[in-house]
Amino acid sequence: MKQRYGVELSYSVAWRGRECAYENLRLGMPEQSYNLLPGYLHMLMQTNPGSVVNLEVTDGNKFQYLFIAFAASIQGFSYCRPVISIDATHLKGKYRGVLFTAVCHDANQQLFPLAIGVGDSENDAAWTWFLKRVKDVFGENPALVIVSDRHRSIRSAVEEAFPRAFHGICIYHLLNNLKTKFKSKNKELEQHYIAAAKAYNLQEFHVLFYTLCSAVPGAKEYLESVGLDRWTRSHAPCRRYNIMTTNISESFNTVLVKVRELPITAFVNEVRLLCQRWFQQRRTKANGCSSRMSTDVENKLEERRDRAQTMDVRF
């Protein structure tokens with residue numbers, strides 16, 4: 001304000017002005033927004049049949065947890081690879097809280113939001129509550145993979161909510177842990193580690209892992225204690241495909257960075273509008289496909305076919 005308009009404001013005055021602006025924009029004051037939430041969720045269920053909403057309050061009738069999975073997400077998950085990336089980030093409104101997200105990739109390599117949740121903080125109880133709701137809606141099978149960072153609350157929640165699913169960890173979060181533990185900024189460490197994590201077969205992995213451990217004494221014991229199956233593609237008991245990180249859930253959280261400041265009901269509405277817009281655009285695009293394959297797959301096949309035509313076949 002001072003730089004743009006030459007007006008000096010204290011923090012408290014600026015905050016009150018911001019709250020008044022929200023109210024004038026009909027986003028509602030934070031307290032009023034929580035009162036509007038049950039009615040909004042009821043209308044959401046009426047206008048989006050098949051969606052699942054769960055609002056939990058305390059004994060004193062105060063907000064505790066919120067879970068939302070839209071019908072389009074529930075129906076579309078069966079056409080996605082069974083790898084779910086989960087993450088949490090802080091809300092920035094008056095009452096703060098944490099946003100929980102579960103995201104996967106669709107057949108076109110685009111972000112496919114499955115569910116969102118809101119809780120008080122990133123703790124065991126909140127993560128367990130959210131993941132149990134995810135399981136109730138999307139189910140569980142031995143081929144399912146959950147990918148996350150190494151937060152302790154996530155590990156215990158996954159073990160409780162998804163006992164049959166495989167829990168893999170984000171290779172970049174583990175890389176940061178590795179660099180911190182061994183105080184290393186060695187570029188070769190990063191290159192060998194990423195290559196070992198993404199290796200498709202055990203033979204290739206062992207060569208890369210040996211090179212990595214030779215360059216960083218102690219890395220072998222540390223990475224094996226984490227569990228080779230949890231961070232390598234070659235040792236994983238289930239297919240992780242190309243989802244070796246939590247980038248897709250973190251990217252979805254980044255898309256929501258501005259609306260995370262809004263009061264709760266306005267925030268939920270913005271998430272609904274975003275997902276509705278994405279799903280509509282993708283349905284329109286899918287209707288124009290000439291085959292059962294996605295446009296991403298068709299483009300890759302066409303590119304490889306063009307390259308293959310320039311090659312000589314020798315017997």
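How many of the eight residues of strand E3 are buried? In this predicted model, E3 spans residues 83-90, and seven of its eight residues are buried, which leaves the strand mostly covered.

The partners of E3 are a convenient place to start. Towards strand E6, residues 145-148, E3 forms three bridges, and the two strands run parallel. Valine 83 is placed opposite valine 145 of E6. With strand E4, residues 98-105, E3 pairs in the antiparallel sense, here over six bridges. In that pairing isoleucine 86 faces alanine 102 of E4. As a general point, strands of a sheet pair through backbone hydrogen bonds, either parallel or antiparallel.

These pairings belong to an open sheet of seven strands with mixed pairing, and its order is E1-E2-E5-E4-E3-E6-E7. Its edges are strand E1 (52-57) and strand E7 (166-169), each of which pairs on one side only. On average, neighbouring strands of the sheet are turned by 20° against each other, direction ignored. At the E1 edge, E1 pairs with strand E2, residues 63-69, in the antiparallel sense over six bridges. Valine 52 has alanine 69 in E2 as its bridge partner.

Strand E2 also holds tyrosine 65. The relative accessible area of tyrosine 65 is 6%, under the 20% limit, so this residue is buried. Beyond its neighbours within four places in sequence, tyrosine 65 is in contact with Asn54, Leu55, Glu56, Val118, Gly119, Asp120, Ala125, Ala126 and Trp129. From tyrosine 65 to cysteine 104 the separation is 39 residues in sequence and 22 Å in space, C-alpha to C-alpha.

Histidine 105 is located in strand E4. Its relative accessibility is 12%, again under 20%, and histidine 105 therefore counts as buried. Not counting residues up to four places away in sequence, histidine 105 touches Cys80, Arg81, Gln110, Leu111, Phe112, Asn242, Ile243 and Ile248.

The sheet also has a helix lying across it. Helix H5, residues 124-138, lies across E1, E2, E3, E4 and strand E5 (111-119), and runs at about 30° to E2. Tryptophan 127 has contacts, outside its neighbours within four places in sequence, with Ile86, Asp87, Ala88, Phe100, Glu122, Ser153, Ile154 and Ala157.

Which residues have the most contacts inside the largest nonpolar core? They are Ile86, Trp127, Phe130, Leu131, Phe162, Phe252 and Phe267, in a core of 65 residues. Helix H13, residues 264-287, supplies the largest share of this core, with nine residues. A second core, separate from that one, has 24 residues, including Leu189, Tyr193, Phe209 and Cys213.

Helices H8 and H9 form a packed pair. In general, two packed helices are described by the angle between their axes and the distance between the axes. For helix H8 (residues 187-198) and helix H9 (residues 202-215), the angle is about 155° and the axes are 9 Å apart. Angles over 145 degrees count as roughly antiparallel, and H8 and H9 are therefore roughly antiparallel to each other. Their crossing is left-handed. On the H8 side the meeting residues are Leu189, His192, Tyr193, Ala195 and Ala196, and on the H9 side they are Phe205, Leu208, Phe209, Thr211 and Leu212.

Conventions. Residues are numbered from 1 along each chain as its sequence is written. This is a predicted model: local features need pLDDT of at least 70, side-chain atom pairs count only at pLDDT 80 or more; totals for chains, interfaces and linings use all residues. Side-chain values use heavy atoms; hydrogens and water are left out. Buried means under 20% relative accessible area, exposed over 50%, partly exposed in between (1.4 Å probe, protein chains only). Helices (H or I, at least four residues) and strands (E, at least two) are DSSP runs, numbered from the N terminus. Two strands pair if DSSP finds at least two bridges between them. A nonpolar core is a set of buried Ala, Val, Leu, Ile, Met, Phe, Trp, Tyr and Cys residues joined through side-chain atoms within 4.5 Å. Contact means heavy atoms within 4.5 Å. Axes are lines fitted to C-alpha atoms, for helices over the stretch in contact, and angles run from 0 to 180 degrees between N-to-C directions. Angles under 35 degrees count as roughly parallel, over 145 as roughly antiparallel, 65 to 115 as roughly perpendicular and the rest as oblique. A crossing is left-handed if the near helix is turned anticlockwise from the far one by less than a right angle, and right-handed if clockwise.
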